[in-house]
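Hi everyone, thanks for coming. I'd like to walk you through one structure today, so let me put it on the screen.

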Amino acid sequence: MGIEAAWGFAVGQMPRGPRNKISDVPGVTVGHRTLSDGGVQTGVTALLPHPGDIFHEKVPAAVHVINGFGKTAGLMQLAELGTLETPILFTNTLSVGTASTALVRYMLDRCPDICETTGSVNPVVCECNDSGLDDIRGLHVTEADALAALADCRADFAEGAVGAGRGMRCHGLKGGIGSASRIIGLDGQDYCLGALLLTNHARYDDLIVAGVPVAERLAAAKPVPPHQDRGSVITVLATDAPLTCRQLGRVARRAIVGLSRTGSFCGNGSGEVVIAFSTGCRIPHYPTADILPLQGVHEDRMDLFFRAAAECVEEAVLSSLLHAETVTGKGGLTVPSLADLLRPRA
């Protein structure tokens with residue numbers, strides 16, 4: 001159930017997709033592997049851009065780093081070539097290497113030409129730091145967990161404290177995985193733009209829900225002590241509209257609007273990374289012609305995508321908070337759920 005139907009929080013003006021998730025973009029799927037056992041509160045989330053051979057049928061992509069306090073892998077080649085050639089994995093900061101190796105194995109199993117008759121592969125792995133709730137130093141995420149998340153990918157996926165989001169804290173409350181989508185009409189055809197966020201950023205005192213400061217609304221609860229913004233948020237934007245990598249970069253830069261609407265100011269110790277891709281065209285690994293028949297959207301119509309990105313990111317942040325349950329992790333630390341705090345007390 002979406003947050004508008006469940007909580008009455010209306011975000012934006014544009015029509016939503018049927019699931020109100022990034023998987024409303026045809027072919028995009030998401031899977032999780034959740035580790036939840038006492039002090040181990042972590043996991044892996046995987047995103048498949050399309051159901052085909054992503055290495056041999058790449059998609060246009062762009063990256064925008066709002067604040068570079070992060071350890072995400074694969075951004076340099078993605079920015080240079082403007083293409084995405086693997087699924088995207090999300091996990092905790094110290095498990096990026098493990099997830100990257102698992103993603104390489106996943107690609108090698110499917111593409112025998114990698115590093116044989118063609119070049120190498122660029123695995124993209126994104127991270128946020130879940131220390132506090134999670135025993136991150138224990139390095140509990142395994143390659144098998146990453147592969148399990150990839151095998152779990154589906155259109156109807158869970159949000160909240162699942163997968164890579166299990167141990168994350170957003171605005172001092174329980175964060176995690178959030179998603180949203182918007183429908184855009186162009187030349188009589190509907191396209192979709194969707195967002196998937198891993199939220200682990202910002203301060204409780206700054207959280208805004210539907211234009212209302214949460215600290216003011218929940219003044220009696222006082223659930224979170226003062227803290228610095230030392231988290232991160234990973235944003236992935238996907239669309240089936242035929243945007244060029246340059247246009248995708250323009251859309252990615254609008255993610256900051258949605259983050260700001262929920263109260264984030266992108267603190268010094270918080271890493272904000274945005275990846276955007278389009279399934280509207282495929283770029284073959286092996287050229288069949290010298291000139292690629294790439295399409296793009298007229299720049300006068302880009303405002304539709306900018307608004308959609310802002311609305312999706314704002315709603316995805318709130319969705320991550322409202323789908324997450326209260327979690328107790330390492331050392332007995334308990335992080336409350338916004339949903340639990342908003343429910344009337346008996």
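I'll start with the whole chain, then go through one sheet and the helices around it, and finish with one more helix.

First, keep in mind that this is a predicted model. Overall we've got 9 helices and 17 strands, and the C-alpha trace spans about 65 × 45 × 35 Å along its principal axes. How does the radius of gyration sit with a compact globule? For 346 residues you'd expect a value near 20 Å, and the protein has 19 Å, so the two agree. Buried residues make up 57% of the 346. And if you take contacts between residues at least 6 apart in sequence, 80% of them join residues at least 24 apart.

Okay, on to the sheet. Four strands form an open sheet here, in the order S1-S2-S5-S6, with mixed pairing. At the edges you'll find S1, residues 29-37, and S6, each pairing on one side only. On average, neighbouring strands are turned by 15 degrees against each other, ignoring direction.

Let's go across it. S1 and S2 run antiparallel, joined by 9 bridges, and if you want a spot to click on, Thr34 stands opposite Gly43 in S2. Next, S2, residues 40-48, pairs with S5 over 3 bridges, again in the antiparallel sense. There, Leu47 stands opposite Ile88 in S5.

Then the sense switches: S5 and S6, residues 124-128, run parallel, with 5 bridges between them. Asn92 faces Cys128 in S6 across that pairing. To get from S5 to S6 the chain goes through helix H3, residues 96-110, and this β-α-β crossover is right-handed.

How covered is S5, then? Mostly covered: 5 of its 5 residues, 88-92, are buried.

Now the helices on this sheet. H3 packs on it, touching S2, S5 and S6, and its direction makes about 155 degrees with that of S6. Helix H4, residues 143-151, lies across S1, S2 and S5, and runs at about 45 degrees to S2.

Last stop, H8, residues 302-323. Is this helix mostly covered or mostly open? Mostly covered, with 18 of its 22 residues buried. What about its length? At 1.5 Å a residue, 22 residues should span 32 Å, and the end C-alpha atoms are 31 Å apart, so that agrees.

That's my tour. Happy to rotate the view if anyone wants another look.

Technical notes:
Residues are numbered from 1 along each chain as its sequence is written. This is a predicted model: local features need pLDDT of at least 70, side-chain atom pairs count only at pLDDT 80 or more; totals for chains, interfaces and linings use all residues. Side-chain values use heavy atoms; hydrogens and water are left out. Helices (H or I, at least four residues) and strands (E, at least two) are DSSP runs, numbered from the N terminus. The expected span of a helix is 1.5 Å times one less than its number of residues. Buried means under 20% relative accessible area, exposed over 50%, partly exposed in between (1.4 Å probe, protein chains only). Two strands pair if DSSP finds at least two bridges between them. A crossover is right-handed if, with the strands pointing away from the viewer, the path from the first strand over the helix to the second runs clockwise. Axes are lines fitted to C-alpha atoms, for helices over the stretch in contact, and angles run from 0 to 180 degrees between N-to-C directions. Contact means heavy atoms within 4.5 Å. The radius of gyration is taken over C-alpha atoms; the globule rule is 2.2 Å times the number of residues to the power 0.38.
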